[in-house]
Structure formats: C-alpha cells, structure tokens
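Me: Please take a close look at a single part of this structure. I am new to it, so go through that part piece by piece.

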Number of protein chains: 4
Amino acid sequence: MPRWLEDCRPFAHNGSPAAYIPELAKAPKEALGVTLLATDGSTISGGDSSQMFTMQSISKVFTLLLALMSNGEEAVFAKVGMEPTGDDFNSMLKLELVEPGIPFNPLINAGAIAVTSLIPGIDVMDKTLRILEFIRYLAGDENIGYNIAVSSSEAATAYRNRSLAYFLKDNDVLDAQTDVEELLSVYFNHCAIEVNCHHLARMALILAHGGLDPLTNRQLLPRRYVQIAKTFMLTCGMYNASGEFAIKVGIPAKSGVAGGIMAVVPGQYGIGIIGPALDRRGNSIAGVRLLEAMSVECDWSIF
Amino acid sequence: MPRWLEDCRPFAHNGSPAAYIPELAKAPKEALGVTLLATDGSTISGGDSSQMFTMQSISKVFTLLLALMSNGEEAVFAKVGMEPTGDDFNSMLKLELVEPGIPFNPLINAGAIAVTSLIPGIDVMDKTLRILEFIRYLAGDENIGYNIAVSSSEAATAYRNRSLAYFLKDNDVLDAQTDVEELLSVYFNHCAIEVNCHHLARMALILAHGGLDPLTNRQLLPRRYVQIAKTFMLTCGMYNASGEFAIKVGIPAKSGVAGGIMAVVPGQYGIGIIGPALDRRGNSIAGVRLLEAMSVECDWSIF
Amino acid sequence: MPRWLEDCRPFAHNGSPAAYIPELAKAPKEALGVTLLATDGSTISGGDSSQMFTMQSISKVFTLLLALMSNGEEAVFAKVGMEPTGDDFNSMLKLELVEPGIPFNPLINAGAIAVTSLIPGIDVMDKTLRILEFIRYLAGDENIGYNIAVSSSEAATAYRNRSLAYFLKDNDVLDAQTDVEELLSVYFNHCAIEVNCHHLARMALILAHGGLDPLTNRQLLPRRYVQIAKTFMLTCGMYNASGEFAIKVGIPAKSGVAGGIMAVVPGQYGIGIIGPALDRRGNSIAGVRLLEAMSVECDWSIF
Amino acid sequence: MPRWLEDCRPFAHNGSPAAYIPELAKAPKEALGVTLLATDGSTISGGDSSQMFTMQSISKVFTLLLALMSNGEEAVFAKVGMEPTGDDFNSMLKLELVEPGIPFNPLINAGAIAVTSLIPGIDVMDKTLRILEFIRYLAGDENIGYNIAVSSSEAATAYRNRSLAYFLKDNDVLDAQTDVEELLSVYFNHCAIEVNCHHLARMALILAHGGLDPLTNRQLLPRRYVQIAKTFMLTCGMYNASGEFAIKVGIPAKSGVAGGIMAVVPGQYGIGIIGPALDRRGNSIAGVRLLEAMSVECDWSIF
C-alpha cells in the first residue's frame, strides 16, 4: 500500500482542487489517503486517511438509498431515470431535449436534487438530520456532522444548481409544494457532511455485503436497494468518466468534488480514498490512479 | 380592414391563449383588434383595438432601447449577442453549448433578462417605473400602468425564467451584485405593462421614422438604436417563426404571448394588433394572418 | 423455463420487428426462443431456439474483440471512447458536440463502424471472412454464414449509417485510405451473420469464463479483452436502455435489432435469446422480460 | 473607394483562406477587390475586382431562385424551412433534434443540398449546365464556366457534405430516386462556378431591382422569388454571423468560402467583393469590414 500510495501521489500535480466551491479550493492539493476495510474487520490505511473532508456527490448514494427506503422504487423512478448520460454532471441538455424531462439518473446533479426532494421531513433541518443520522448509523460514528462553512459557501455560489432545480420545477419533476431554496439547502447540507476514509470504507463494506454489516452481522439496508445503488455507482458513479472507470477499474465507486472516492469490492472490501486534486471530469486524479493500480494488481474487476 | 379582420378572425380557433401564465389563460380567445397609424396621423382601427392587454415580449424592444440609451452599444453587446437561434424562446441549449455562454440575442427570454439587468435604478420599483415612464413617453399616455395580477401570476410560476436567470448568473452574464429575484421582478413587471392597439401603433410609428415622432416632429429616440431594434425585430422578433414571418410578411415586428403584435412599415405606418389565441410558436395566430394579408395586398415587404 | 417463455411471449404484442431493414420486417413477431448453456455443458432450450436470425448489433461485441486482438487496446481506444451516451444508437449529436469527435463507445453504430475499420484484411471479402471465421470458431459451427439478402437489404437503405461513416471520415476517425462504401459492406456483412440461440449461448459461455471454453478447457480469447467486452455489454449493450437493464437484470448482455440477445451469467451460463418484436429502444421486448424474470428468480445480478 | 479598400485590406491578416477545400487554400490571402454597379450603369471598381474566384455558397442564392422558378414555393418549402439556425453552416444538430428533420433554411449546406435536388435535368451535366446558363444569363457573360479543379478538389474531400446528404436521404428530404453522389456532383459544380466582382455586382443589381435589369429594362426574375432570396440573404446569408451583419451593415448579402460576397443595396447598387482571407465564421474578413465602412458612410441599412 505505501508503495502504491507514493507511486500515485505525484499524479495530483496534474489536477487541482475544485474551484467552484470557494471553501473547497483551500484543500491541500498533494494530500492522498486510503483505507481498506476487509470483511473480517482488518484494516489497511495509508497517507492522509484520517483527514476529514466533505462527501459532496458521494452523499448522493445515500440519499438515493434513503429515498428508496422511504418511498419505494416506483416513486423514486417516477422522478429520475436509470441511464448514464455522457454529459457533464451539471448538464441541462437532456432535460430540455429528451421527453419527459426527468433527470437521466440519480447521480448527476439534476437527478440527485430530484432524489433529495423525496427525503421525508418537516423542514430543512429535519431532512438534513435524517440524512445525517443515516450516515452516522452506517458509518458507525455519532460524531459525524456537516461543515456549515462549506454548505454556506456552496449555497452562496451554486447558481447552476439553482438553475437546474428551477428547471426541474418547471418540468414538474419537483412537486408543486417543493420550495427550491429549501430543497437546495438540504442538498448543500448533505453534500457538506464530513467524513474521513475510514467512514467511507465502513459504509462501502456494508454495500459490499448487500446491506449486511459483516462486523455485526446485522442487515442494515435492504439488499435490493443496495443492488440498485451499486449498479448506479458502476454505470454513473464517476461522472462522465464512469465508462472509462468501469473498463479500467471495474468496481462500483462514487466520487465527490472534495476529492473523496468510496469504492466497493463485492464480498471483500470497503474502500475510502481522499485526494483533493481533481481531473477535468471532477474525480480525484491520484485516487483514480490508486484504485486502478490496486484493481489490476488484485484482479478486482467484477467483469 | 373590416373584411380582413373578419377573414382572419376564424384562424383564432386553431390556437389558444398562453396557458403558462395563469392570468393570461383567461383572455377571450376569439378577440381580434388592429390599429394602423399613418405618418400624417390618420388612423384606421377595427375590432377589439381598444382592449387592454399586457405587452409581454413586446416590452423587450423597449428595454433594449432603454439599455442602449443608458449603457451604449458596447456594454449591451457584451452581455447579449446578435444572432437568431432557431430554438424556442425559452431554450437554454445554446447557453450550455456555445461559448462564451451569453444569450444569442436580446429578444429571446435569456437575452431579455440579461438586457433588463442593465436598466439603471436603485431598486425594483425604481427600475420598473423607469421602463414604465419610457413606454408612457413613447405611447403618449400617462395612464399606462402595469397589471400587478399578471406580474404576480408570472412571478409565482415562472420557474423556467428563474432557471434561465440563474444559468446566466452562473455564466457571469449577470453581474455579481445582481439579485436574481429582484431582476425577475423588474422583468415580470415590464412584461405586464398594459397597452392597447393604439399605444402599440403610436410607438411603432416612432420606430417607423427612425425615432422621430412625425406627429410632433421631435426626435424621441436615437436613430442608430432604433435601427438596431428594428433589425432584431426582423431577424428575431417573432420567436422561432421569425424567418417565416420575414419571408411572408417582411416587416419588423415583435409579438408577445398575451397575443399582441407591434409592427413597423418603415416610413409609413405603426401597427398594433391584439389576438390572444396563439400558434405553437407563441405568436397571435389571427394577428399573423392579418399582417400577412395586409402586407401582400399593400406590398409592405422591405425586401 | 417453458412457463417463463409462455409468460413472456405475450409482451411481443406491444412491439414490432425492426422496420428500417426491409428484410428484417418479415420476421415472425410472436416468435420467442431461448437457450441456456451451463458450465458443465448441460443445456436448457425452449421455444424457437433453433430458428436462425442475423446477429445485427450482437456482432459488435465480436468485432470489438477481434479489433482488440489485432490492434491492441491503445489503437482501438484512439478511435472509440469508453462512455455510455444516453443518446439513440444512431445518434450523431455527440460527434458534433463533444471534442475530439470520436464515437463515445464501440457499441453504438458510430463506434462499431469505427471498430470495423480496424479489422485487418485486404478487401471486403477478406475482412468479412475473418470475422465470420472468428464467429464460427467461438460458436463451434463451421456452417455459420451470413445472409446476403439481409446484408444487401441493409446496404440499399442504410443512409443513416452512411451519414455516420462520412462524418467519422470528416472527423479523421477513419483513416485517409478507408473507403466508406467498402467499410460499410464489411459492417453490413458482419451484422448479417446468421446464428441461432445455441450459437449465442455457446459464445456467451466463453465470455462467462473469461475467454476459457469450459467444455474444452481451452483459452480461446485473452481474458483482459473479454473483461473489456463484458464491461461494455453492461454499460452500453442494450442501446439507451442499458442503464435500466443493468438495474433490472444486472448482467452483461448485447441485443440486436433482429431480436436476438446474448447474455452472460459470469461463471455460470451463456444465454441466447430470439424474439423479433422490439421495444422503442430496439431491444427484443419479450426477450428483455424473459431475462428479467430469470434474473430475479435466480438472483443473477452481478451487483 | 481606394481609401476604404486600403483601410480594410490589413484586416485580411487576421484571417486565412478556407483550408478545407485544398484548391481554395492557394488563394492570395491579401487580395481585396470590389465593384459597385449603380442603377444607371455607372461602375466604381477597385483592387482585385477582375480576379476570378469560385462562387461557393453565393451560388446557393441562384439555385434557390432556379428551384423556385422550376418547382414553385410550395415544393421548395416542403424540403427546406425558413428559419435562421444559429449553428455552423455544416451543422447537423437540428436535423436530428427538430422534427420533421428538414434543413432550417436554404443557405446552410444541408438546405442548399436539398434545394439542389430540385434542379431539373436528366443527369449531372444537364443540371450543372442549367445552373451555369442561369448564372451566365444574369451576369451577362457567356464565358462564365466552373472550375473543375476546385469542384474535383471538393468532391474528393467533402465528407461532411456527404454525411449531410445521406442524413437528408435517411430523413426522406431527398427523394427515393436521388443518387447522393450525383446530387453532390451538381452541388460541387455550382459551387465552383467562377466569377469576378463585376459579375457579382451585375447579378446583385438585378436583385436590387426586384428581378428587373435596370440596364436593359427587362424583368429577368419573378419579383416574389427575388424578395424571398433577399430575405434569406438578410436573415441567413452570412452564415452564423448573419445577425451581426444585419445589425452592423443592414443589407442583403451572401458570402462564399472562396472569399466572395454579393451584396444588394435595394434600388441603388449591386456589389461584388473578393477577399479570400476568412474570419472564423467563414466570411471574407476584409470584405465584411469594407461593407460595414461603406454602409455606415452611405447610410445603406434597410432598417
């Protein structure tokens, strides 16, 4: 692991931290950390694996799971499709071009916003806490919170997400009673939930076992919904580099623009990675290299 | 005129009033009115020419003129282009697809919102009044006001325009200090300015004379800006039926979704028309037919 | 199996055979056949499993494998990407919109045409025979041929594919010396290779074992290339319903517009299906239902 | 005139001759010539006004006129629309995106190819000669021919136009019996018709007088069709800079990628210009500047 870590760290120089959320731009570019958590509970960690970072798009996997558990498949897939798009994560093209104008999948921004509108709760704080509790429950850490500075930083500048949300409202993807600003507050809050590599690895291990926590032998999530989540991670989890990641790494994974990646080796490992320097598609540049090196060496591809 | 009016009135049955602004959907579908004002001040009116209606997109011609007079050509064309698009009036495709992401012209919604951001004033009411005063000045009627019910109705439902405006904000077409909701309030207000066919004909006559009011012999508008406005009316004034209108009618005109059309016969006439039933492109279906009949009969095409 | 077959057969009434290739439109709409070939060589067949049909897009999996074996990964991926598109299989949008204008993946038409250009051979017949030999070798049947009537029927009407090919030529995806008509002849020929469900199942079983034929214990294909092929089958194999198929069925599969589907249950089964009535995305409507029923019942999803 | 010519010549340094037709790339970059022909027959010429060059897209105006004269408005507008597009002249986006898939107007490549399919004649040469005779008749010079080297050069490399033509064939815009290669031969031939500035000015003067040749007082073209042609020149004649040209120059004009521009000052002048260095939209960079300078000075805008 240390060798791989050191081999991959230099790739960070070809990328840079996300600039569009001012608070994220401050992240240390050269950081790289990883945690592998095996089914038997043994852990391999390296680098900056204890550093805290915001989940960003990784949280979309969990709002999808929570929305499925709260509303069922039919209600969720009335608002969001199942297809990869090939477009940028914040693209609006297909909303305008393809009938009936629902987001193509729950892991692009438009889709994740639609899914967030399905989280139950009486107000912004109630919904935020519900998602936060869900993450704490799966990660096994009651101390997990969300970074208000990041959430506020994004809220202050996220004009493209506002544009997306109002487009969804216009297309009747969002219910008539949905208040866009409140919805976006919930969205920015869950994107700002702070974790480290151990947390991601812990949650990924549960996904790796179909919702069963192998360390406690408790079924924490319905197996079918975990299956759905992992399928989306494989087909759409790495923005519009998902296809390439599937060919080169071949395991379900989800990235976030803070540089985190949560990856699942079915039946074997949960993996958490942090590396804030991003490639042009928005994925951790060193993190992707690290996963590719490990997958090839360990023959992890599910194909 | 009465014959043409009666010949064209039945076409209204193939269209319907705009449904997306609830207040507009109440308009009488079969109404049709027209006023021709000649250079010597003689007037021909027919049908429902005294009925009041909101200007909607017709107001975009005047916010463009006001923005040009307040900011100059260079500042205006830094925020909006000069090209017809071929897309729907509320399309966002080219904002995403074509660098540098400024609206293609000032008469599509995105462009008109950008232009409205250039209207000087300290707050919503100040800017609204400035536009209103400008319309009163040109139409020669101090009693012109704006319909608050329509403005509020649109404000309550205009999610697509909000989406457009936030996209423009994200693309830096709107200045950092521009508040989107305030900007849209001004936009909805000027779209809700209420006029009748006489008012439109009066303003059109001034455009027909390059900014000179032939009835008072006063130059009310700079000739170059009137030229710009008329050019846009010809190339982009009738939404994405502008090209067809140019071929079939051949004069500068601007339509609004309340069913109004303001048309200019250079050097000869100012024309105002109302006919609330719209075709699928958003133009008054009977109004377009009426203009086509008159243009062919009187050989009005500028080509 | 017979029960499932009979349960799924009625779905064919909601679809119809491909109309755009005249010869295919003659196919019996209500036909449905399936063959499952297990690792130990045991076979379950039902319905019209012995009926011959043309591979159409299913052949794209094998031209990809042959191109990889003849040219290596680097050369192939210089001409074709790795991403799902979300667009129709014959769409040209992304070729115009997304730099550098190479097809997004090898399983849409544009990508398959680019891949076919990499098949070695001195002329149309040489290249056609090379692909045919490859299919015969994998399917274990020297009598497999291609249907000249179908190939000619497609050649006579495939204006969209010609348009795609010339666009690729213009974008320099096809080499300067590539003759478009000759390339398309090879393409139409390999699409017209005739097989039955047993042949598809036989080839799928080899893919299910990473290129090893479990019945003869011979490694017929390089494992890495089989991995690539199966990954594309999962992310892009069912046209722009691939994402939905991954969620609902969860196994690598490739469909053709003649109604065939080749599906892979890793380590367990090769599956061949025929059902000429297609859904609006171009997949066998009863075939997809049959795979979904079997996958849910037998828990085949790889996720 | 000489002053304007010399003022505008340096702009050529910011552009370059069309590279995509190899034969055109040889044109002298710094050339600039102009001819103004007045209604009374007086001529002002300057610079390289006698240099011969190929009409390229300028010929589209005349194939449109000939198609209208041979088929009538209804037949022509069944195959081509009336709207500007805002897209590149060789774009295919709207053919795929907008029903019913006919080209938006007759002056983009797709539209001009569709119009060329309406030219009567028994074979390529017959159709080519018919167009050539039409040009000779209007330009008043029996010696006008077409440049076979340019036509062949384009035929050998015009993969994008082939792609466009096959797309039109697939969309049934081209008749079933239309042979694409033959159609393109006619198209390349009429684009390769060689003229000089005097020829363009001569033809433009006829357009400036509604089809009447003021020098012979003969009506050479139906007035309505000339009106249609001039309208398209104004709305779509300068590729996707047509809107800007309308604002800045304000007269009907058509450019070609060999650097020619034919412009019409209604009732006054016919203008021919040559300047092979093009801007990024494909218009003669010095030629556009020259027209702008003259239009502002002489107040030519029709608005």
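Reply: Two strands pair if DSSP finds at least two bridges between them; strands (E, at least two residues) and helices (H or I, at least four) are DSSP runs, numbered from the N terminus. This is a predicted model, in which local features need pLDDT of at least 70, side-chain atom pairs count only at pLDDT 80 or more, and totals for chains, interfaces and linings use all residues. Residues are numbered from 1 along each chain as written, chains are lettered from A and ligands numbered from 1 in written order, and side-chain values use heavy atoms, without hydrogens and water.

The part chosen is a sheet in chain B. Five strands form this open sheet, in the order β2-β1-β9-β8-β7, and the pairing is antiparallel. At its edges are β2 (43-47) and β7 (253-255) of chain B, each of which pairs on one side only. From one strand to the next, the twist averages 5 degrees.

Within the sheet, β8 of chain B covers residues 260-265 and β9 of chain B residues 269-274; six bridges join these strands in the antiparallel sense. One pairing can be followed by residue: B:M262 has B:G272, in β9(B), as its bridge partner.

A helix also belongs to the picture. Helix α9 of chain B, residues 197-208, lies across β1 (33-38), β2, β8 and β9 of chain B, where contact means heavy atoms within 4.5 Å. The helix runs at about 150 degrees to β9(B); axes are lines fitted to C-alpha atoms, for helices over the stretch in contact, and angles run from 0 to 180 degrees between N-to-C directions.
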